[in-house]
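Hi there,

Here is the structure I promised to pass on to you. Please have a look at it first, and then read my notes underneath.

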Amino acid sequence: MLEQIEALDTQLFIYLNNLGSTTWDSFWLIYTEIPTHLPLMLVIGFLLYKKLGQKKFLLLLLFITIMVTLTDQLTNLAKHTFQRPRPCRVPELEGAIRSIAKYCGRFGYFSGHSSNSMALAIFMGLFLKPNYPKLFVFLIIWALGMGYSRIYIGVHYPADLLTGFTVGALVALLFYKLFHKTVHKLNLQGGS
């Protein structure tokens, strides 16, 4: 059963990866780089500051830091536990895939880019959803794009992304609830 799932995962990876073309390579190589998204994060940060006020916003930054650290460490733990080679490291896939990544790490299960981006999208998006419902959808699409960029450049299988998205979403929901409990416990005022 596991072998069948891995075979399907590999076939889907090869299909999605080969949708790429030299026309789009530069775009996806830039998209997959985390610093590219700093302007978006600054805009989201500004909106969150406006909505929450200074005290809650500072607490939010602390929660975001801890949340991203947690998802990142869960990713590293899984990678070193399962030790599934990245597709760009599998000799049998050489010639069948487009590997355009600047760097190809050893292990890929599961994707840190996917878990971190989905955690950020859901956590921050939930605060802004009442005022900016389309922004919440945009952030989810942004996170999905981050995941796809990892297939496009040849460093992750679809299952790596699905697991990353799931872990990121669950961690985000947990941190969202913990944030509100903490705000209530500390009786923080300001913002909504």
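Below is what I found in it, starting with the salt bridges. Please keep in mind that this is a predicted model.

**Salt bridges**

How many salt bridges does the structure hold? There are three, and Arg84 is a good place to begin. In one of them, the side chain of Arg84 meets that of Asp9, with 2.9 Å from N to O. Arg84 sits in the loop between α4 and α5, while Asp9 belongs to helix α1, so this pair ties together parts that are 75 residues apart in sequence.

Arg84 also meets the side chain of Asp160 in a salt bridge, here at 3.3 Å from N to O. Since Asp160 lies in helix α7 and Arg84 in the loop between α4 and α5, this pair ties together parts that are 76 residues apart in sequence. Taken together, Asp9, Arg84 and Asp160 form a linked network of salt bridges.

Is this network made of buried or exposed residues? Arg84 has a relative accessible area of 16%, which is under the 20% cut-off, and therefore counts as buried. Asp9 is buried as well, at 8%, and Asp160 is also buried.

The other salt bridge to look at is that of Asp25 and Arg98, whose side chains meet at 2.8 Å, N to O. Asp25 is in helix α2 (residues 22-31) and Arg98 is in the loop between α4 and α5, so here the parts tied together are 73 residues apart in sequence. Asp25 is buried, with a relative accessible area of 11%, and Arg98 is buried at 17%. As a general reminder, side chains of opposite charge can pair when their charged atoms come close.

**The disulfide**

A search of the whole structure turns up one disulfide. Which cysteines does it join? The link runs from Cys88 to Cys104, with an S to S distance of 1.8 Å. It is right-handed, with 85° about the S-S bond. Both Cys88 and Cys104 lie in the loop between α4 (54-82) and α5 (112-128), so the pair ties together parts that are 16 residues apart in sequence.

On accessibility, the two cysteines fall into separate classes under the 20% cut-off for buried residues. Cys88 has a relative accessible area of 22% and is partly exposed, whereas Cys104 is at 17% and counts as buried.

Pro87 is found in that loop between α4 and α5 too. Pro87 is buried, with a relative accessible area of 1%. If you want a distance to check in your viewer, Pro87 and Thr32 are 55 residues apart in sequence and 17 Å apart in space, C-alpha to C-alpha.

**Helices**

Does the length of helix α7 agree or disagree with what its residue count predicts? Helix α7 covers residues 158-186, which makes 29 residues. At 1.5 Å a residue the helix should span 42 Å, and its end C-alpha atoms are 41 Å apart, so the two values agree. The residue that follows α7 is Asn187, which has a positive phi, near 50°.

Two side chains in other helices reach back to backbone oxygens. In helix α4, the side chain of Thr75 reaches the backbone oxygen of Thr71 at 2.8 Å. Thr75 counts as buried, with 1% relative accessibility. In helix α5, the side chain of Ser117 reaches the backbone oxygen of His113 at 2.7 Å. Ser117 is likewise buried, at 3% relative accessible area. For context, an α-helix has 3.6 residues a turn, so residues three or four places apart point the same way.

**A surface patch**

Finally, a look at the outside. Which residues make up the nonpolar surface patch? Met1, Leu2 and Ile5 make it, with an area of about 380 Å². Leu2 lies in helix α1 (residues 2-17), the helix that also holds Asp9 of the salt-bridge network. Leu2 is exposed, with a relative accessible area of 60%, which is over the 50% cut-off.

If you open just one view, I would suggest the one around Arg84, where the salt bridges to Asp9 and Asp160 come together in one network.

Best wishes, and happy viewing!

Definitions and conventions
Residues are numbered from 1 along each chain as its sequence is written. This is a predicted model: local features need pLDDT of at least 70, side-chain atom pairs count only at pLDDT 80 or more; totals for chains, interfaces and linings use all residues. Side-chain values use heavy atoms; hydrogens and water are left out. Helices (H or I, at least four residues) and strands (E, at least two) are DSSP runs, numbered from the N terminus. The expected span of a helix is 1.5 Å times one less than its number of residues. A disulfide is a pair of cysteine sulfur atoms within 2.5 Å. Buried means under 20% relative accessible area, exposed over 50%, partly exposed in between (1.4 Å probe, protein chains only). Patches are made of residues with over 30% relative accessible area and no salt bridge: like charges are joined within 9 Å, nonpolar side chains (Val, Leu, Ile, Met, Phe, Trp, Tyr) within 5 Å. Accessible areas come from the Shrake-Rupley method with a 1.4 Å probe; for residues, only the protein chains shown count as cover. A salt bridge is a side-chain nitrogen of Lys or Arg within 4 Å of a carboxyl oxygen of Asp or Glu. A polar contact is a pair of N or O atoms within 3.5 Å; within protein, one must be able to donate a hydrogen and the other to accept it, and residues adjacent in sequence count only if both atoms are side-chain atoms.
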